[in-house]
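Work through the exercises below with the model open. Try each task before reading its solution.

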Amino acid sequence: MTDQQRAVILLSGGLDSATLVAMVRAEGYSCYTMSFDYGQRHRAELEAAVRVARDLGVVEHKVIGLNLDGMGGSALTDSTIDVPEAPTQGIPVTYVPARNTVFLSLALGWAEVLNARDIFIGVNALDYNGYPDCRPAFVESFERMANLATKAGVEGQGVRIQAPLQNLSKADIVKAGVGLGVDYSLTVSCYQADDDGRACGKCDSCRLRAEGFQMAGITDPTRYF
């Protein structure tokens, strides 16, 4: 196997990133997945990421510890800020400042160590909740920066930041994952899941997930509390 066939994939444990791993694996890459214990409200998504990585047969799964809750500023890292249970205007309070920038930077570091040329992130431009770090312009800009900032880039072995889910609807993502054998019962998408990984059914992430399964005509295995 050549170095070019290795890929680093950001895996949150949710629907989108699980589908992403299956898609990358189907393209013939050797998959290395990375999750982050960044001070989020619950650990259920981290446990889900481990299950997904094991089920999809990745080569290695890393969980990196961060302290984004030390900064706060998001309903996902500050328990004093309520998670919205109805659609809101503008960038929602579930946006975590600089999260994808930090995550991609660490993925870039691991990619250099692995001599991997491809980093995959499951951002989506259609139902991204208004997060600025999910836009195509952000992904393109990060790739340019990555190839200026790294030894590999300077030596002409540039990295590609790939976001194949970017223009897919949630229903399209569900259909793709089912076709690739993703077991969505292993995943957790809810912003405020309980310790057993059961979902609230009210937050934006739950709503988008449920709508995706409904539009796809596929039964959603999500468990609710």
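**Exercise 1: Leu 10 and the cores**

Leaving aside neighbours within four places in sequence, Leu 10 is in contact with Ser 17, Leu 20, Met 34, Phe 36, Phe 103, Leu 104, Ala 107, Phe 120 and Ile 121. Contact means heavy atoms within 4.5 Å. The model is predicted: local features need pLDDT of at least 70, side-chain atom pairs count only at pLDDT 80 or more, and totals for chains, interfaces and linings use all residues. Residues are numbered from 1 along each chain as its sequence is written, and side-chain values use heavy atoms, with hydrogens and water left out.

Task: place Leu 10 in the largest nonpolar core and find which element gives the most to this core.

Solution. Start with the term. A nonpolar core is a set of buried Ala, Val, Leu, Ile, Met, Phe, Trp, Tyr and Cys residues joined through side-chain atoms within 4.5 Å. Buried means under 20% relative accessible area, exposed over 50%, and partly exposed in between (1.4 Å probe, protein chains only).
- Step 1. The largest nonpolar core has 41 residues; Val 8, Leu 10, Leu 104 and Ile 119 touch the most other members.
- Step 2. At least two residues each come from β1 (6–10), β2, α2, α3 (99–114) and α4 (136–149). Helices (H or I, at least four residues) and strands (E, at least two) are DSSP runs, numbered from the N terminus.
- Step 3. Helix α3 gives the most, with seven residues.
- Step 4. Apart from this core lies another, of 27 residues, including Met 23, Val 52, Phe 120 and Val 182.

**Exercise 2: Helix α2**

Task: compare the reach of α2 with its expected span, then list what covers its buried residues.

Solution.
- Step 1. Helix α2 (residues 44–55) has twelve residues. The expected span is 1.5 Å times one less than the number of residues.
- Step 2. From first C-alpha to last, α2 reaches 16 Å, close to the 16 Å expected.
- Step 3. Its buried residues are Ala 44, Glu 45, Leu 46, Ala 48, Ala 49, Val 52 and Ala 53.
- Step 4. The cover over them includes α1 (15–26), β2 (30–37) and β3 (60–65).
- Step 5. Gly 57 follows α2, with a positive phi near 70°.

**Exercise 3: Four annotated cysteines**

Task: locate Cys 190 and Cys 206 and decide whether each is buried or exposed.

Solution.
- Step 1. In an unreviewed entry, UniProt lists Cys 190, Cys 200, Cys 203 and Cys 206 under "binding site". UniProt positions are given in the numbering used here, feature names are shortened, and annotations may be inferred rather than shown by experiment.
- Step 2. These residues spread over 17 residues of sequence but cluster in space, with a largest C-alpha distance of 7.2 Å.
- Step 3. Cys 190 sits in the loop between α6 (170–179) and α7 (204–216). Its relative accessibility is 3%, so Cys 190 counts as buried.
- Step 4. Cys 206 lies in helix α7. Its relative accessibility is 5%, so Cys 206 is buried too.
- Step 5. Beyond four places in sequence, Cys 206 is in contact with Cys 190, Ala 199, Cys 200 and Gly 201.

**Exercise 4: Disulfides**

Task: how many disulfides does the count give?

Solution.
- Step 1. A disulfide is a pair of cysteine sulfur atoms within 2.5 Å.
- Step 2. The count is zero disulfides.
- Step 3. For Cys 134, the nearest cysteine sulfur is that of Cys 203, 15 Å away.
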